Amino acid sequence: MTSIALITGANKGIGYEIARGLGTAGYTVLLGARDTERGTAAATALAADGLDVRYVQLDVTDPASVAAAAKHIDNEYAHLDVLVNNAGIARADGDERALDPAAWAPSGQSVDSIRAVFEVNVFGLVTVTNAMLPLIRKAEAGRIVNVASEVGSFGLSLDQSSPYWSLVSIGYPVSKTAVNMITVQYAKELWDTPIKVNSVCPGYTATDLNGKSGFKTPEDGARVAVRLAQIGADGPTAQFFNEDGPLPW
């Protein structure tokens with residue numbers, strides 16, 4: 001049975017490289033993206049490299065789009081082996097560049113801007129996971145990988161020697177903290193099944209999310225998700241990793 005992997009937000013950046021990594025590993029990759037033109041172009045480019053990558057229209061904030069994607073996957077493949085919840089935003093206004101810290105501070109953020117980040121990073125993740133879980137249950141051993149961030153770690157955020165001490169904000173880091181707890185709760189629900197659920201941190205990667213200011217390449221950032229998507233029956237669940245190993249919650 002062909003192994004099927006779905007990656008959200010995969011037309012560029014880390015998601016695109018996760019698609020490449022899993023395609024190289026032999027998966028049929030469903031490249032999820034909101035924009036049909038960009039998603040089709042990304043899938044075509046990867047397919048030109050000899051990978052089995054196919055575009056699926058998927059807007060994580062649109063329940064109808066998510067439901068349609070799940071129905072398509074069910075009709076075409078009848079199961080889903082891997083779900084990588086990669087889609088995410090850092091700021092509601094679309095300006096993902098490094099800004100004055102005052103603009104990120106809790107007192108400088110509106111509830112509406114925080115809510116917009118949560119719509120994608122948190123509620124979108126849950127919407128997609130719930131829609132795809134029946135298909136993942138049909139796989140021999142499903143894997144769910146949620147792309148989180150070190151900035152959502154309580155341990156690192158409170159470590160004054162950590163580079164994350166200087167980040168004081170609500171929207172993005174708190175959304176990634178929520179992603180980690182969501183990971184744990186799904187893992188607990190699925191504890192006695194073959195399905196494993198983990199969070200990963202790509203690290204500070206040069207993507208549109210940060211105005212390409214990161215020091216890692218998207219290829220670097222994708223590696224941990226590609227690895228966790230392929231863990232065996234003795235692999236971890238309900239854990240949080242970067243490329244170097246486990247991270248503190």
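**Notes on ring pairs, helix packing and a few odd residues**

1. F123 has a relative accessible area of 41%, so call this residue partly exposed. Keep in mind throughout that this is a predicted model. F118 comes out at 17% relative accessibility and therefore counts as buried, being under the 20% cut-off.

2. On to how the rings pair up. How many aromatic pairs does the structure hold? Two. One of them joins F118 and F123: the centres sit 6.2 Å apart, the planes make 55 degrees, and the pair is tilted. The other joins F240 and W249, with 5.6 Å from centre to centre and 15 degrees between the planes. F240 and W249 count as stacked because planes under 30 degrees apart get that label.

3. Is F240 buried or exposed? F240 is buried, with just 1% relative accessible area. Its stacking partner W249 is partly exposed, at 37%. For anyone looking around that part of the sequence, there is also a charge over a ring: R227 lies over the face of F241, 5.8 Å from the ring centre.

4. Now the helices, beginning with α5 (residues 111-137) and α7 (residues 171-189). Their axes are 9 Å apart and the packing angle is about 20 degrees. That is under 35 degrees, so α5 and α7 are roughly parallel to each other. The crossing of α5 past α7 is right-handed. On the α5 side the contact residues include I114, V117, F118, V122 and L125, while those of α7 include Y172, V174, V179, I182 and Y186. Note that F118 turns up here as well as in the tilted ring pair.

5. T177 is also worth a look. The residue belongs to helix α7 and is partly exposed, at 21% relative accessibility. Which residues does T177 contact once its neighbours within four places in sequence are left aside? They are G152 and F154. As for R115, the C-alpha atoms of T177 and R115 are 15 Å apart in space, with the two positions 62 residues apart in sequence.

6. Helix α1 (residues 13-24) packs on α8 (residues 218-228) at an angle of about 55 degrees, the axes being 8 Å apart. That makes α1 oblique to α8. Again α1 passes α8 with a right-handed crossing. In α1 the residues involved are G13, I14, E17, I18, G21 and L22, and they meet P218, E219, G221, A222, A225 and V226 in α8.

7. Helix α1 also packs against α2 (residues 36-48). Here the axes come within 11 Å and cross at roughly 35 degrees, and the crossing is right-handed. Y16, A19 and R20 of α1 meet A42, A45 and L46 of α2.

8. Last, a backbone check. Most residues other than glycine have a negative phi. A78, which is not a glycine, has a positive phi of about 70 degrees. Where is A78? Look in the loop between α3 (63-77) and β4 (82-85). A78 is partly exposed, with 38% relative accessibility.

9. A238 is another non-glycine residue with a positive phi, about 60 degrees in this case. The loop between α8 and β7 (240-242) holds A238. With a relative accessible area of 16%, A238 is under the 20% cut-off and so counts as buried.

Conventions: Residues are numbered from 1 along each chain as its sequence is written. This is a predicted model: local features need pLDDT of at least 70, side-chain atom pairs count only at pLDDT 80 or more; totals for chains, interfaces and linings use all residues. Side-chain values use heavy atoms; hydrogens and water are left out. Rings of Phe, Tyr and Trp (its six-membered ring) pair if their centres lie within 6.5 Å; planes under 30 degrees apart count as stacked, over 60 as edge-to-face and the rest as tilted. Buried means under 20% relative accessible area, exposed over 50%, partly exposed in between (1.4 Å probe, protein chains only). A charge sits over a ring if NZ of Lys or CZ of Arg is within 6 Å of the ring centre and within 35 degrees of the ring normal. Axes are lines fitted to C-alpha atoms, for helices over the stretch in contact, and angles run from 0 to 180 degrees between N-to-C directions. Helices (H or I, at least four residues) and strands (E, at least two) are DSSP runs, numbered from the N terminus. Angles under 35 degrees count as roughly parallel, over 145 as roughly antiparallel, 65 to 115 as roughly perpendicular and the rest as oblique. A crossing is left-handed if the near helix is turned anticlockwise from the far one by less than a right angle, and right-handed if clockwise. Contact means heavy atoms within 4.5 Å.
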